[in-house]
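Visitor: I would like a close look at one part of this model, a charged side chain and its surroundings. Please then go on to the contacts between the chains.

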Amino acid sequence: MTKGIAGADGLAAGQRAGLEGVAWRWIIALALIVLAAVMPFALSNYHVFQLTMVMIYAIAVLGLNVLTGYNGQISLGHGGFFAAGAYTAAILMHRYGVPYWATLAPAALICFALGVLFGLPALRFEGPYLALVTLAMAVAMPQLLKYFDTWTGGQQGINLVKPLPPAGLGIDRDRWLYLVVLSALLIAMRIAANMLNGRTGRAFVAIRDHPIAAAAMGINTARYKTLAFGTSTLFTGVAGALSAVVIGFVAPESFSLFLSLSFLVGSAVGGIATIGGAIVGGFFIEFVPNFANDISDAAPWAIYGLAMLLLMYAMPRGVVGSLGPWLAGRTGRLDFVARRSLAVEQKDKGRKS
Amino acid sequence: MHQLLQQTFSGLAYGAIYASLALALVMIYRATDLVNFAQGEMAMFSTYIAWTLVNAGLAFWGAFVITLAVSFVGGMVIERVVIRPVENAPVLAAVVVTLGLLLIFNSLAGWIYSYTLQEFPSPFPDRPVLDALLTTRDLGVIGVTLLMLLLLFGFFRFTTVGLAMRAAAQNPVSARLCGIRVGQMLAIGWGLAAAIGATAGIMVAPVLFLDPNMMGGVLLYAFTGALLGGITSPIGAVVGGLIVGVTENLVGTYLIASQLKLTVALGLIILVLVFRPNGLFGTAILRRV
Amino acid sequence: MRSKWTTVTSLSAASLMVAGGLALAAGQYGPGASDSEIKIGNTMPYSGPASSYGVIGKVDAAYFAMINDQGGINGRKINFISRDDGYSPPKTVELARQMVEQDQVLLMYNTLGTPPNMAIHGYLNDNKVPQLFIATGADQWNDPKHFPWTMGWIPTYGIESHIYANYILKNLPNAKIAVLYQNDDFGKDYLNGLRDGLGAQASKMIVATQSYETSDATVDSQVVALQGSGADTLLTVAIPKFAAQAIRKVYDIGWKPNHFLTSVANSVGTVMKPAGLEKGVGIISASFVKDPTDPQWQNSQEYKDWLALMTSHNLSGNTTDIQAVIGYCNAQTMVAVLKAAGDNLTRDNVMKQAASIQNLQLPMLLPGISISTSADDFRVVKQMQLEKFDGTNWKLFGDVVSGSGT
């Protein structure tokens, strides 16, 4: 199947198919968006709530994809940044009466700053060492939240009033929040796509695949790595803020180490170096524990673990990571990032066998 | 002064516990270039096997030896069946697989053995030593950990299998060309790590009490200790584990905000790592361009 | 003249009465209740760091299954839906919504943990769903004015720590107190309750506090630090694993404080024995249920009934766990309330019955302890008795007392 692999052939075929290919992609994307926007009106409140959580997790996982997938810096601590965003929103709403939609920007800014602050020392670390440093973030966050209890409400957490939809729209709270989160997700995906398919994205990927060559070519690795960190935590922080609004409650227990690990798993299952994979990851995080519970209520997490294993065996690059290039290969269109990822795969294959 | 000594020695005793699990982590990393997040849960599961044997009437040392053997074989089987499929996959897939293993073992243990706390017998008597700064049991744990360290060090340095394993980890293609069966080396590596983990668990259970979540907290500190010492160095693992134990205790005692003990302890260790990003005894990874 | 109108009227009246009577016999039903079943929703941490409490949910399920085998409540079977929230509040919110909106349960029962319950009590009260007999001792659950649908069950941590405070003030007026506590609501409520109970003396008497996280491996270092403060009295507020470690360490370092231990962790089988029976001599705790490892209860019919339930429902591994007894008593309270509701199984009526329990005696509660509630007093069990460990079991002493916690 020569069509799918990088090469003049594939590119030319793609260019020929160019205009049609682009039109098709836009039509499908639009159809999906319309479907997503209309779906909540056909579902019960509870399901709408679940789908809203899926999208929130998708935004969080998208952040992780930017950092770990595109830039190669592993993070076991994104739960901590999620918490930072959630508490920023909660404190603003609870203490200062800020309306929910106005908490997103501060949460984004604060989490971006946190990410940059974190990214700077993280420049020194790689591989398991970076994993430890980010892990420390995930583990320290609940402690810090409990300690500064005058601000955070400590162990008791903060109870929030769920926002009302704008009067006159005639939809209820759950559906309104669903649409708000959907918009946030679409905006996040657009921003990510723009960034990752452009110069910044290419720099990220270059640093991931061959940092020395990248530096030799004049890419300021320190700046881009820090930027990757900040952008990543920005997305995850906004997701956290949205989660505070939708669930209506924050407490240190909500942001355990397991949450950070779930994000990583969702990322891997969806496809770490993809944007669409984040949505698959969101579905995994939200629904698989429930399915596992239905299958076995004696050892549900064993089923969840088994699901993780089987997915990794079947699709080690994640669902979108594996299906994406395959699909694109058939249509002759592969974007730069996908081609790079495939090339790195071929190189890596020789490593262990 | 007495308080300082007491906390330091207590830290050494617990540090030995972290060090013993850290040795298993280092073992797997050296053999397969992978951090096994499921190491703690595998150790816990092995300890439950030992517990079942002891409850069935077996003497302690008999149960110990059988558990080691079972864990060794189990580790090899896991490598072959569970890890092998993702060996050539991106590293993240392997990480997710080990996380999945963690969940599976933890959940199975909870299901089979319930979450109630269990006692576990210790081979060492529990008498205070050195003016109540340590007990003979603490000394036993430290002794066993140092013994494992010596064995591991000797294994890698002085045996052919150890040499073959190092070769297989460093350069699988060349190792194959030299006739080393890389797959076998990986399996043995995992088996040994599982046996080390089982030893750690059995040493630890009398002190921490046996329940499915026994190794959760220990794994975090073991991981920290292993990295502090250098993830490729067994000596580093032990030194790192001991340092983590002592730091944790001293920070908890002398820090005013003792509720931030974990945060501050981790912060200090990371600070050290900033100056030695490959750990105290780790070797820097040299890359050819 | 008996006109046909009278006949018609009396016939109509008669038929109306019959129909009405039939309707009454058929019952008034809220969601989740019918002629044949009563749906109860529950979340428990069956996994994660709090999973040792999952036994409570299992005992609930076992008890309800037994009641069903005996014919159910007023002929209706209990459909007990219990799901794992892993002690994570977002999950609890999701599960509560699922049970209320999808499964359409009549009420939520015995949901465990303060953060999980905090996450859902707004939602449940807004939707007028009873949140009964929740498994947490936090002091804030007795608030019928603001949260008329939420009710606790176990004596609050404040009640217990007040009991200790009163004892200390009376018997150890010059004590220097150290406190080891779990760094969460459970631990902090005890600490605050102790402070509150000691009143003006608190800042003078409490000389040191040390906390730990459930993710810690051990509390030995904290114990050593507390000894270093020169205290002669210790209050340990910890879950079984850490309580056992603390008891052992206190003995090993040669410290002999007046040692008070939270009732959550005073089980002979799961705490005192692993710690070393001789190491716990003299420890004071409080209780409101019969310890299943205490020989003084083991010949009684009540204990045998409980044991039979445990062994016939796959719970033989938990026959030394005091939490299993607490779950048993809690489930019996639920059944009593549902029985009292009769055929009027609306959420309103269930709540009303729960708030008007009169002197309910349960077989595994300590003698002298009974349950009563009222519209302004949502505290279900409010009495405890002090006990001292003698190396084999807990010897009750003093009278059954009511703490005056909030």
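Visitor: Is C:Lys249 buried or exposed, and what is its relative accessible area?

Guide: C:Lys249 is buried, with a relative accessible area of 11%; buried means under 20% relative accessible area, exposed over 50%, and partly exposed in between (1.4 Å probe, protein chains only). The model is a predicted one, in which local features need pLDDT of at least 70, side-chain atom pairs count only at pLDDT 80 or more, and totals for chains, interfaces and linings use all residues. Residues are numbered from 1 along each chain as its sequence is written, chains are lettered from A and ligands numbered from 1 in the order in which they are written, and side-chain values use heavy atoms, with hydrogens and water left out.

The partner of C:Lys249 is C:Asp220, with which it forms a salt bridge at 4.0 Å, N to O; the term covers a side-chain nitrogen of Lys or Arg within 4 Å of a carboxyl oxygen of Asp or Glu. C:Asp220 lies in helix α8 (residues 220–227) of chain C and C:Lys249 in helix α9 (residues 240–252), so that the pair links distant parts of the chain, 29 residues apart (helices, H or I with at least four residues, and strands, E with at least two, are DSSP runs numbered from the N terminus). C:Asp220 also counts as buried, at 6% relative accessibility.

Helix α9 of chain C holds a further salt-bridge residue, C:Asp252. Its closest approach to C:Lys279 is 3.1 Å between N and O atoms. Because C:Lys279 sits in the loop between α10 (268–275) and β10 (284–287) of chain C, this pair ties together parts 27 residues apart in sequence. C:Lys279 is buried too, at 13% relative accessible area.

Elsewhere in chain C, C:Arg379 and C:Asp377 form a salt bridge with closest N and O atoms 3.1 Å apart, and both residues are buried. Shared partners join A:Asp174, C:Arg97 and C:Glu101 into one salt-bridge network. Over all chains the count comes to 18 salt bridges.

Helix α9 of chain C also takes part in the interface with chain B. Here 39 residues of chain C meet 32 residues of chain B, contact being heavy atoms within 4.5 Å. The two chains bury about 2700 Å² between them, 46% of it on carbon and sulfur atoms; buried area is the accessible area (1.4 Å probe) that two parts lose on being put together, summed over both. Two salt bridges cross this interface. C:Asp216 and B:Lys261 form a salt bridge at 4.0 Å, N to O. There are also 10 residue pairs in polar contact, both residues at pLDDT 80 or more (a pair of N or O atoms within 3.5 Å; within protein, one must be able to donate a hydrogen and the other to accept it, and residues adjacent in sequence count only if both atoms are side-chain atoms). On the chain C side, β7 (206–212), α8, α9 and α10 each give two or more residues. The largest share, seven residues, comes from α9(C). That side divides into 11 nonpolar, 18 polar and 10 charged residues, where Ala, Val, Leu, Ile, Met, Phe, Trp, Tyr, Cys and Pro count as nonpolar, Asp, Glu, Lys and Arg as charged, and the others, Gly among them, as polar.

Between chain B and chain A, the contact takes 52 residues from chain B and 43 from chain A. About 4300 Å² is buried there, 75% of it on carbon and sulfur atoms. Zero salt bridges are found across the interface of chain B and chain A.
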